[in-house]
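The exercises below invite a careful reading of one structure, and each is followed by a solution that goes step by step. Please look through the sequence and the structure before starting.

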Amino acid sequence: MGMRYRQYLHGARIYGCSQCKTHLATIHSMISRAFNGQHGRAYLFEVVVNVIEGEPADRQMTTGNHTVRDIYCVKCGTTLGWKYDRAYEPSQKYKEGKFILERNLLVDVQ
Ligand SMILES: [Zn+2]
């Protein structure tokens, strides 16, 4: 535990944690808005910063079985979404190493 260095993003549009406004991702690394999270609509990002990754777990989704890690805000600990470690369906492989952030848990910060 203890203080962790937090990275600050620069760009036209930055998404942050709704609880503490820690920077998480930019619109430039957004891959898709057409995802569903645990709490509704979610976004897929190429790169997300300032999160802690949990232990890997297999999760069955509408698009098949995936190994995912929940991701938590490095500052306030809110669960923000998950990272795809592995997708078992060939058509879903593009998601490996990418991140899901729940739209309801994001705010625009600038
Ligand atoms: Zn936070």
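**Exercise 1. The zinc ion**

Which spacing do the donors of the zinc ion follow along the chain?

*Solution.* A word of caution comes first, for this is a predicted model. Begin with the donors themselves, which are the SG atoms of Cys-17, Cys-20, Cys-73 and Cys-76, coordinating the zinc ion at 2.3 Å. Reading these donors along the chain gives the spacing C-x2-C-x52-C-x2-C.

The next step is the geometry of the site. The angles among the 4 donor atoms run from 101 to 118°, and four donors count as tetrahedral if all angles lie between 85 and 135 degrees. The site of the zinc ion is therefore tetrahedral, given its angles of 101 to 118°.

**Exercise 2. Two of the cysteines**

Determine whether Cys-73 and Cys-76 are each buried, partly exposed or exposed.

*Solution.* The cut-offs needed are that buried means under 20% relative accessible area and exposed means over 50%, with partly exposed in between. Cys-73 has a relative accessibility of 1%, so this residue counts as buried. Cys-76 has a relative accessible area of 35%, and it is therefore partly exposed.

**Exercise 3. The surroundings of His-66**

Describe where His-66 is placed and what its side chain reaches.

*Solution.* First locate the residue: His-66 belongs to strand S7, which covers residues 64–73. Its relative accessible area is 0%, so His-66 is buried.

Then follow the side chain, which reaches the backbone oxygen of Gly-64 at 2.9 Å. The side chain of His-66 is also joined to that of Lys-95, through a polar contact of 3.2 Å.

Finally, widen the view to the residues that His-66 touches when those up to four places away in sequence are not counted; among them are Ala-57, Met-61, Tyr-84, Arg-86, Tyr-88 and Gln-92.

**Exercise 4. The largest pocket**

Which strand gives the most residues to the lining of the largest pocket?

*Solution.* Start with the space itself, since the largest pocket holds about 240 Å³. Its lining is made by 13 residues, of which Asn-36, Gly-37, Met-61, Thr-62 and Trp-82 are the closest to the centre of the pocket. Two or more lining residues come from each of strand S3 (30–37), strand S6 (57–61) and strand S8 (79–87). Strand S3 gives the most, with 4 residues.

**Exercise 5. Glu-53 and its partner**

With which side chain does the side chain of Glu-53 make a polar contact?

*Solution.* Glu-53 is found in strand S5, made of residues 51–53. With a relative accessible area of 37%, Glu-53 is partly exposed. Leaving out residues up to four places away in sequence, Glu-53 touches Arg-69, Asp-70, Ile-71, Lys-83 and Phe-99. Of these, Lys-83 is the partner sought, because its side chain makes a polar contact of 3.3 Å with the side chain of Glu-53, and a polar contact is a pair of N or O atoms within 3.5 Å.

A distance completes the picture: Glu-53 and Gln-38 are 15 residues apart along the chain, and their C-alpha atoms are separated by 17 Å.

**Exercise 6. His-23 and Leu-9**

Which backbone atom does the side chain of His-23 reach?

*Solution.* His-23 lies in strand S2 (residues 23–26), whereas Leu-9 lies in the segment before strand S1 (14–17). His-23 is buried, with a relative accessible area of 14%, and Leu-9 counts as buried at 15% relative accessibility. The side chain of His-23 reaches the backbone nitrogen of Leu-9 at 3.0 Å.

Apart from neighbours within four places in sequence, the contacts of Leu-9 include Ile-14, His-23 and Val-49. The residues touched by His-23, counted in that way, include Ile-14, Val-49 and Asn-50.

**Exercise 7. Positive phi values**

What is phi of Lys-21, and where is Lys-21 found? Treat Asn-50 likewise.

*Solution.* Lys-21 sits in the loop between S1 and S2, and its phi is near 65°, a positive value in a residue other than glycine. Asn-50 belongs to the loop between strand S4 (40–45) and S5, and phi of Asn-50 is near 65°, again positive in a residue other than glycine. Asn-50 is also buried, with a relative accessible area of 11%.

How values were computed
Residues are numbered from 1 along each chain as its sequence is written. This is a predicted model: local features need pLDDT of at least 70, side-chain atom pairs count only at pLDDT 80 or more; totals for chains, interfaces and linings use all residues. Side-chain values use heavy atoms; hydrogens and water are left out. Donors are N, O and S atoms within 2.8 Å of the metal (3.2 Å for Na, K and Ca); water is not among the atoms, so sites may look incomplete. Four donors count as tetrahedral if all angles lie between 85 and 135 degrees; four count as square planar and six as octahedral if opposite donors are over 155 degrees apart and all others between 65 and 115; anything else is irregular. Buried means under 20% relative accessible area, exposed over 50%, partly exposed in between (1.4 Å probe, protein chains only). A polar contact is a pair of N or O atoms within 3.5 Å; within protein, one must be able to donate a hydrogen and the other to accept it, and residues adjacent in sequence count only if both atoms are side-chain atoms. Contact means heavy atoms within 4.5 Å. On a 1 Å grid over the protein atoms alone, a cavity is a set of points where a 1.4 Å probe fits but cannot get out, and a pocket is an open set with protein on both sides within 12 Å along at least five of seven lines; lining residues have an atom within 4 Å of a point. Grid points are joined across faces, edges and corners, and a volume is the space filled by probe spheres set on the points.
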